[in-house]
Amino acid sequence: MRIAIDWGKARIGVAASDRDAILAFPVETVQTANRPVQRLAEIIAEYEPVEVIMGLPVALDGAEQIAARDVREAGRQLAQAISPIPVRWVDERMTTRMAARALHDAGRNARKQRGVIDQAAAVAILEHVLEQIRSARSGMTTGEADS
């Protein structure tokens, strides 16, 4: 099981995978004003993931700007709170936009459901990582899997 976090200025979307790392599903939206590291640590303790994946907001050119530095600092605080569970950083470019578009395409008003968008963005981050894991597994031969 893995947990993904989409950390925003006002809200933090949280998603989890099933134990087999096949499905990603929304868990909760945490308000940043309400001691978010503590609440995230509680969620992580409940789910007992093998790792936590944090989306890193980078610019389209790949550069890290102020938002990315802020998220990295929050991630460092979270990593201390959940140690020894590792925190992995992944590029989250466009996940919030993709989540908003998916909600719109499903007939839901994204503006009225901002918390849902944050969870959907966390799901998108996690689905990306799960796809990488599945691709890596399918590319392994039997001998490679045993080593």
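In this predicted model, helix α1 passes helix α2 in a right-handed crossing. The report starts from this pair of helices and then turns to the sheet, the nonpolar cores and one buried residue of helix α4.

**The helix pair**

Two packed helices are described by the angle between their axes and the distance between the axes. For α1 and α2, the angle is about 45° and the axes lie 10 Å apart. An angle that is neither under 35 degrees, nor over 145, nor from 65 to 115 counts as oblique, and α1 is therefore oblique to α2. On the α1 side of the contact stand V37, L40, A41 and I44, which meet A74, Q77, L78, A81 and I82 of α2.

**The sheet**

Five strands form an open sheet in the order β3-β2-β1-β4-β5, and their pairing is mixed. The edges are taken by β3 (24–31) and β5 (87–91); each has a single partner strand, so one side of each is left without a neighbour in the sheet. From one strand to the next, the twist averages 25°.

The table lists three of the strand pairs, with one pair of facing residues for each.

| Strands | Bridges | Direction | Facing residues |
|---|---|---|---|
| β1 and β2 | five bridges | antiparallel | W7 and I12 |
| β2 and β3 | seven bridges | antiparallel | S17 and A24 |
| β4 and β5 | five bridges | parallel | G55 and V90 |

Both α1 and α2 pack on this sheet. Helix α1 (residues 36–47) touches β1, β2, β3 and β4, and its direction makes about 155° with that of β3. Helix α2 (residues 66–82) touches β1, β4 and β5, and its direction makes about 170° with that of β4.

Two hairpins link strands of the sheet. One joins β1 to β2 through three residues. The hairpin of β2 and β3 has six residues between the strands, and within this hairpin A21 takes a positive phi near 60°. Strand β2 belongs to both hairpins. Six of the seven residues of β2 are buried, so this strand is largely enclosed by the rest of the structure.

**The nonpolar cores**

In soluble globular proteins, nonpolar side chains tend to be buried together. The largest nonpolar core of this model has 20 residues, of which I3, I5, W7, L40, V52 and L78 touch the most other members. At least two residues of this core come from each of β1, β2, α1, β4 and α2. The greatest contribution is that of α1, with six residues.

L78 illustrates how such a residue is surrounded. Not counting residues up to four places away in sequence, L78 touches I5, V37, L40, A41, I44, V52 and M54. A second, separate core has 13 residues, including A4, A21, A24 and V123.

**Residue D118**

Is D118, a residue of helix α4 (residues 114–138), buried or exposed? Its relative accessibility is 8%. Buried means under 20%, and D118 therefore counts as buried.

Which residues does D118 contact, leaving aside its neighbours within four places in sequence? They are D6, R11, I12, G13 and T29. D118 also shows how positions remote in sequence can be related in space: D118 and A10 are 108 residues apart in sequence, while their C-alpha atoms are 10.0 Å apart.

Conventions: Residues are numbered from 1 along each chain as its sequence is written. This is a predicted model: local features need pLDDT of at least 70, side-chain atom pairs count only at pLDDT 80 or more; totals for chains, interfaces and linings use all residues. Side-chain values use heavy atoms; hydrogens and water are left out. Buried means under 20% relative accessible area, exposed over 50%, partly exposed in between (1.4 Å probe, protein chains only). Contact means heavy atoms within 4.5 Å. Two strands pair if DSSP finds at least two bridges between them. Helices (H or I, at least four residues) and strands (E, at least two) are DSSP runs, numbered from the N terminus. Axes are lines fitted to C-alpha atoms, for helices over the stretch in contact, and angles run from 0 to 180 degrees between N-to-C directions. A nonpolar core is a set of buried Ala, Val, Leu, Ile, Met, Phe, Trp, Tyr and Cys residues joined through side-chain atoms within 4.5 Å. A crossing is left-handed if the near helix is turned anticlockwise from the far one by less than a right angle, and right-handed if clockwise.
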